[in-house]
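The following exercises are to be worked with the sequence and the coordinates at hand. Each task is followed by a solution in steps.

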Amino acid sequence: MHTAQEWLEKIRALPLTSPLKIMNVCGGHERAITTAGIRGALPPQIELIPGPGCPVCICPEEDIYAAIQLALQDKVILLAFGDMLRVPVNVSKQEARSLEQAKALGGDIRPIASPMEALQIAEQNPKQAVIFFVAGFETTIAPVAALLAQGVPDNLYFLLSGRLTYPAVAMLLETGQATFQALVAPGHVATVMGANEWTFVVTEHQLPCAVAGFTPESLLAGFYSTIRQYLDKNYFLDNCYPQLVTAQGNTTAKIYLNEKLNIIDANWRGIGIIPRSGFALKESTHDARYHFPDYASESRRRAGEMPAGCDCASVVLGKIYPNQCRLYSTACTPRNPIGPCMVSDEGACRIWWSGGVRT
Ligand code: SF4
């Protein structure tokens with residue numbers, strides 16, 4: 001095992017003379033890179049670009065709008081992970097612009113930190129409908145599938161806005177929109193789905209790829225591997241997080257996902273429909289979209305645009321860096337967020353701001 005300093009020295013010793021852009025696909029990666037100052041420590045020809053690693057940032061506006069209306073109009077108990085509460089939608093000035101504002105208007109909206117809390121709240125309120133609005137990637141959705149498999153109270157419903165990570169990367173590569181020449185794949189997602197899910201980056205697109213964990217050592221090992229592959233023109237999927245990631249992933253979690261959820265074409269906020277990139281409940285019994293169709297059904301889909309001037313979609317797709325948005329750190333700050341990327345803990349704009357980037 002090398003230390004972070006040793007990995008840095010190995011990277012600096014590589015004969016890389018031309019620019020190389022490496023994308024990461026995980027808010028946790030981006031936070032670790034920014035917090036540890038890895039970007040500034042690497043040779044200047046290596047660019048690290050954050051990609052589609054924030055599920056809250058791409059949660060469709062229509063789903064957030066539906067959650068707001070379910071809390072205000074249908075008077076359900078609405079549960080969501082905390083960073084979803086401040087995400088803004090485009091509505092008239094008279095309407096609640098976020099779940100936080102809907103809560104201030106009297107909606108029973110409760111931030112929670114885990115699916116088990118949803119279970120407890122439903123059990124404590126058996127006479128009320130409880131809707132768990134879940135936006136998340138595979139790591140968040142697998143526990144929801146496990147909960148469904150084990151059985152939940154009759155009054156607990158799910159407004160599911162779950163997404164898979166790899167189809168967004170595949171879409172970028174297949175449509176020629178990719179700005180990167182190497183990929184560091186998300187370690188958390190790979191613990192569930194398996195490293196092999198990322199093989200397509202190598203076999204179909206002939207790009208270097210490594211799965212990395214969240215320590216500077218693991219991330220730097222991933223960067224070293226991809227740079228080395230790039231220089232050698234010898235591409236393979238390198239698992240730099242073998243402590244937790246296997247080729248096949250977590251078999252039990254995958255069984256729950258397959259048993260309880262379908263894979264569907266899904267809308268990504270500001271980006272559009274990405275084929276087979278979303279999760280949907282297989283059964284209607286606990287599906288809020290089935291039981292509360294006035295607000296949560298597909299037929300009520302809205303435009304799904306970003307707020308005016310917000311470049312979150314381009315940030316999420318790695319087309320620009322957060323500070324290339326003209327609103328970054330001027331009109332848009334964590335105290336007054338314009339777009340979802342400045343709200344969520346996994347949003348690149350928020351991470352860069354927290355890391356001290358101001359221009
Ligand atoms: Fe959107 Fe704000 Fe980020 Fe600009 S800085 S992309 S407005 S969240």
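The exercises below concern a predicted model and proceed from the whole chain to single elements and residues.

**Exercise 1. Overall dimensions**

Determine how the radius of gyration of the protein chain stands against the globule rule for 359 residues.

Solution. Begin with the secondary structure: the protein chain has 16 helices and 11 strands. Its radius of gyration is 20 Å, close to the 21 Å that the globule rule gives for 359 residues, so the chain is as compact as a globular protein of that length. Along the principal axes, the C-alpha atoms fill a box of roughly 65 × 45 × 35 Å. Next, consider burial: 53% of the 359 residues count as buried. Finally, take the contacts between residues at least 6 apart in sequence; 76% of these join residues at least 24 apart.

**Exercise 2. Two helices**

Compare the end-to-end span of helix α4 (residues 61–72) with the span expected at 1.5 Å a residue, and do likewise for α11.

Solution. The 12 residues of α4 should span 16 Å; the end C-alpha atoms of α4 are 17 Å apart, which agrees. As to its surroundings, 12 of the 12 residues of α4 are buried, among them Glu61, Glu62 and Asp63 at its start and Leu70, Ala71 and Leu72 at its end.

For α11, with 17 residues, the distance from the first C-alpha to the last is 24 Å, close to the expected 24 Å. Because 12 of the 17 residues of α11 are buried, the helix is largely enclosed by the rest of the structure. The buried residues include Pro216, Leu219, Phe223, Tyr224 and Gln229.

**Exercise 3. A covered strand and its partners**

Establish which residues of β5 lie on one side and which on the other, and identify the sense in which β3 and β5 pair.

Solution. In a regular strand, side chains alternate between the two faces of the sheet. For β5, one side holds Val130, Phe132, Val134 and Gly136, and the other holds Ile131, Phe133 and Ala135. Every one of these residues is buried, and both faces are thus covered; this agrees with the count of 7 buried residues out of 7 for strand β5 (residues 130–136).

Turn now to the pairing. β3 and β5 are parallel and share 4 bridges, with Leu79 opposite Phe132 in β5. Strand β6 (residues 156–162) also runs parallel to β5, joined to it by 7 bridges. Here Ala135 has Ser161 in β6 as its bridge partner.

**Exercise 4. Met84**

Is Met84 buried or exposed, and with which residues is it in contact beyond its neighbours within four places in sequence?

Solution. Met84 belongs to the loop between β3 (77–81) and α5 (99–104). Its C-beta atom has 27 neighbours inside 10 Å, so Met84 counts as buried, the threshold being 20 or more. Beyond the neighbours within four places in sequence, Met84 is in contact with Val56, Leu99, Phe133 and Ala135. Phe133 and Ala135 are on one side of β5.

**Exercise 5. A hairpin and positive phi values**

Locate the residue with a positive phi in the hairpin of β10 and β11, then describe the settings of Arg276 and Lys233.

Solution. Strand β10 (residues 261–268) and strand β11 (residues 272–281) run antiparallel and are joined by 7 bridges; Leu261 stands opposite Leu281 in β11. There are 3 residues between the strands, and Gly270 takes a positive phi near 80°.

Arg276, in strand β11, is not a glycine, yet its phi is positive, near 45°. With 13 other C-beta atoms within 10 Å, Arg276 is partly exposed.

Lys233 follows α11 and has a positive phi near 55°. Its place is in the loop between α11 (216–232) and β9 (237–240). Lys233 has 8 C-beta neighbours inside 10 Å and therefore counts as exposed.

**Exercise 6. The ligand shell**

Which of the 14 residues around the ligand come nearest, and how is the shell divided by class?

Solution. The nearest residues are Cys310, Cys325, Cys332, Gly339 and Cys349. By class, the shell comprises 12 nonpolar, 1 polar and 1 charged residues.

Note on methods
Residues are numbered from 1 along each chain as its sequence is written. This is a predicted model: local features need pLDDT of at least 70, side-chain atom pairs count only at pLDDT 80 or more; totals for chains, interfaces and linings use all residues. A residue is near a molecule or strand if its C-beta atom, placed from the backbone, lies within 6 Å of it. Ala, Val, Leu, Ile, Met, Phe, Trp, Tyr, Cys and Pro count as nonpolar, Asp, Glu, Lys and Arg as charged, and the others, Gly among them, as polar. Helices (H or I, at least four residues) and strands (E, at least two) are DSSP runs, numbered from the N terminus. The radius of gyration is taken over C-alpha atoms; the globule rule is 2.2 Å times the number of residues to the power 0.38. Two residues are in contact if their C-beta atoms, placed from the backbone, lie within 7 Å. The expected span of a helix is 1.5 Å times one less than its number of residues. Two strands pair if DSSP finds at least two bridges between them.
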